[in-house]
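Work through these exercises with the sequence and the model side by side. Try each task before you read its solution.

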Amino acid sequence: MISEYILSITIFLPLLFAIAVLFVPKANEKLIKLVGFIGAALTFVVSLFLYFGFDPALDGFQFIQRISWISSLNISYLVGIDGMSLLLILLTTFLTPLALLGTWNSVEKQLKEYTLMVLLLEVGMTGVFASLDLFLFYIFWEAMLIPMYFIIGVWGGANRIYAAVKFFIYTLTGSVLMLVAILSLGYFASTVENGYFTTSLLDLYQIAHKLPINLQMWMFAAFGLSFAIKVPIWPLHTWLPDAHVEAPTAGSVILAGVLLKMGTYGLLRFNLPLFAEASLKMMPIMCLLAVVGIIYGALVAMVQTDIKKLVAYSSVSHLGFVVLGIFSMTEEGMQGAIIQMVNHGLSTGALFLLVGMIYDRTHTRLIADYGGAAKLMPVYATFLLIISLSSIGLPGLNGFVGEFLILLGSFKSSLLDNYWFAVFACLGVIFSAVYMLWMYQRVMMGPVHEDGLYGGHKLTDLTRREVAALIPIIIFIVWIGVYPKTFIKLSASVSSKTTELMQKIKSGAKIDYSLMSTEKLSK
């Protein structure tokens with residue numbers, strides 16, 4: 001019986017612990033940390049029931065739960081998952097407790113409110129990936145924005161207010177356009193034969209193909225702009241470096257590890273299946289923007305003097321690969337894009353954890369302030385090397401799997417029909433090796449400072465708590481790199497169905513749109 005509600009329990013369990021945090025006295029900081037961490041860790045344990053109960057052999061969504069909400073407008077609390085959303089929910093519930101554990105002593109003010117915001121943020125992120133009603137999706141999308149705004153604005157660095165406001169304005173601008181598009185889609189559903197107003201994604205999958213192409217283009221633009229800002233796709237990326245640099249470490253881990261994936265998830269979940277003809281027309285433009293972002297992000301990362309800003313710009317480059325894979329319209333490219341979302345969350349999330357750990361010791365992120373740190377922090381240097389190689393895409397580690405599939409898919413794409421996108425994207429792989437290894441050399445190698453001080457502080461190696469936060473990430477980095485089938489098989493039906501849809505639209509073949517969901521259009 002409880003299995004019917006396991007998805008909703010996964011979504012709202014952090015909210016229960018957020019409420020519990022409210023009743024803990026402010027002075028009892030240890031208990032506040034424990035309640036927050038136990039709540040996030042227990043949510044991950046509960047989410048594992050989704051993994052073990054999920055059947056990748058079945059098409060469509062699973063664990064579907066529908067509760068009537070605004071019956072006059074046919075708006076429901078409708079949640080469910082397929083392989084792609086399952087992977088991203090697991091990523092969310094996996095990274096959140098590790099972010100709290102890895103930054104256990106990093107937050108020194110208003111700890112109670114900080115823990116509350118992290119738990120509320122997890123509710124919003126998980127809800128986004130589980131929502132199958134566009135109105136519910138929008139509620140979770142906006143709900144996620146508020147805690148992150150406060151995490152950056154209250155617990156961030158010196159320019160935190162500027163970064164928080166910039167993040168808020170960028171995201172909200174795109175969200176307003178998406179809301180207009182959602183309402184327009186719902187109204188269009190009421191104009192078809194025997195139709196009615198609805199925001200159910202399962203219903204809209206059945207009728208969206210009837211949208212005139214000019215209206216599809218506007219809808220694609222409205223949804224796409226909101227998602228492109230969140231990815232972010234060049235040239236809408238300028239909010240990201242500021243947000244990353246000013247956010248506290250846990251905020252940066254969650255921002256890079258999960259929030260950015262909401263944009264690429266939205267493109268694959270909504271834009272392609274709902275506005276398929278418009279997606280085909282926009283495919284070359286989106287691939288061009290992706291490749292520009294790959295190269296631009298890598299080149300700008302190469303010249304950064306701040307380690308955290310270097311990692312931030314690397315995200316612009318890596319997420320460009322994901323967008324290229326999605327719009328290659330091939331099964332290999334889309335599979336690569338989905339697994340690369342997970343890979344980026346693990347690798348870049350771990351990089352931000354490592355940057356935060358060394359910053360807590362030295363209070364400086366400038367590359368020039370380091371050198372020879374490996375002699376004083378051999379364990380830290382080992383973790384940084386493994387995760388840097390993962391980010392580069394070394395064979396045997398997770399990054400290679402995603403990037404290889406994306407490049408293969410975009411190279412052989414018959415719909416894209418231009419292998420130059422893949423050729424130029426390869427430059428991003430080369431440049432990533434340059435900026436990551438060069439950063440590692442300058443920070444870890446060379447002679448130790450004569451006075452033994454870095455930023456006026458002595459360097460000490462990682463504690464057992466910090467090692468415990470990093471080891472689970474390393475395990476999955478190697479697991480995905482050595483045996484990716486465990487994860488790729490979960491999302492195989494998503495990529496195959498979407499690719500089949502695009503191929504049939506391009507060829508003009510008759511399409512059974514019911515394949516995109518498990519339910520028919522019915523009131």
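**Exercise 1. Place glutamine 110 and describe its backbone and exposure.**

Solution. Start with location: glutamine 110 sits in the loop between α3 (83–102) and α4 (111–130). Helices here are DSSP runs of H or I with at least four residues, strands are runs of E with at least two, and both are numbered from the N terminus. Next, the backbone: glutamine 110 is not a glycine, yet its phi is positive, about 45 degrees. Last, exposure: glutamine 110 counts as partly exposed because its relative accessibility is 41%. The classes are buried under 20% relative accessible area, exposed over 50%, and partly exposed in between, with a 1.4 Å probe and protein chains only.

Ground rules for the rest: this is a predicted model, where local features need pLDDT of at least 70, side-chain atom pairs count only at pLDDT 80 or more, and totals for chains, interfaces and linings use all residues. Residues are numbered from 1 along each chain as its sequence is written, and side-chain values use heavy atoms, leaving out hydrogens and water.

**Exercise 2. Analyse the hairpin of β1 and β2.**

Solution. Take the pairing first. Strands β1 (residues 62–70) and β2 (residues 75–81) run antiparallel and are joined by six bridges. Pairing requires that DSSP finds at least two bridges between two strands. One partnership to locate: isoleucine 67 in β1 bridges to tyrosine 77 in β2. Now the turn. Four residues lie between the strands, and asparagine 74 has a positive phi near 55 degrees. Phenylalanine 63 belongs to β1. Its phi is also positive, near 55 degrees, in a residue other than glycine.

**Exercise 3. Find the cis peptide bonds in the loop between α8 and α9.**

Solution. Check proline 232, which is in the loop between α8 (213–230) and α9. The bond from valine 231 to proline 232 is cis, with omega near -10 degrees. Then check proline 235, in the loop between α8 and α9. Tryptophan 234 and proline 235 are joined by a cis bond with omega about 10 degrees.

**Exercise 4. Is phenylalanine 188 buried or exposed, and what does it touch?**

Solution. Phenylalanine 188 is in helix α6 (residues 160–191). Its relative accessible area is 13%, so it is buried. Leave out residues up to four places away in sequence; phenylalanine 188 then touches Ile207, Lys210, Leu211, Pro212 and Leu215. Contact means heavy atoms within 4.5 Å. Lysine 210 is 22 residues from phenylalanine 188 in sequence, and their C-alpha atoms are 9.3 Å apart.

**Exercise 5. Which residues have the most contacts inside the largest nonpolar core?**

Solution. They are Phe223, Leu259, Phe327 and Met444, in a core of 191 residues. Such a core is a set of buried Ala, Val, Leu, Ile, Met, Phe, Trp, Tyr and Cys residues joined through side-chain atoms within 4.5 Å. Follow phenylalanine 223: beyond four places in sequence, its contacts include Leu134, Met178, Ile182 and Phe270.

**Exercise 6. Judge the confidence of the model.**

Solution. Use pLDDT, the predictor's confidence in each residue, from 0 to 100. The protein's mean is 88, and 95% of its residues reach 70 or more. By element, strand β3 (residues 453–454) has the lowest mean, 68, and helix α18 (residues 464–482) the highest, 94. Residues 518–523 fall below 50; this stretch has 18 contacts in the model beyond near neighbours in sequence. Where pLDDT is low, the predicted coordinates should not be read in detail.
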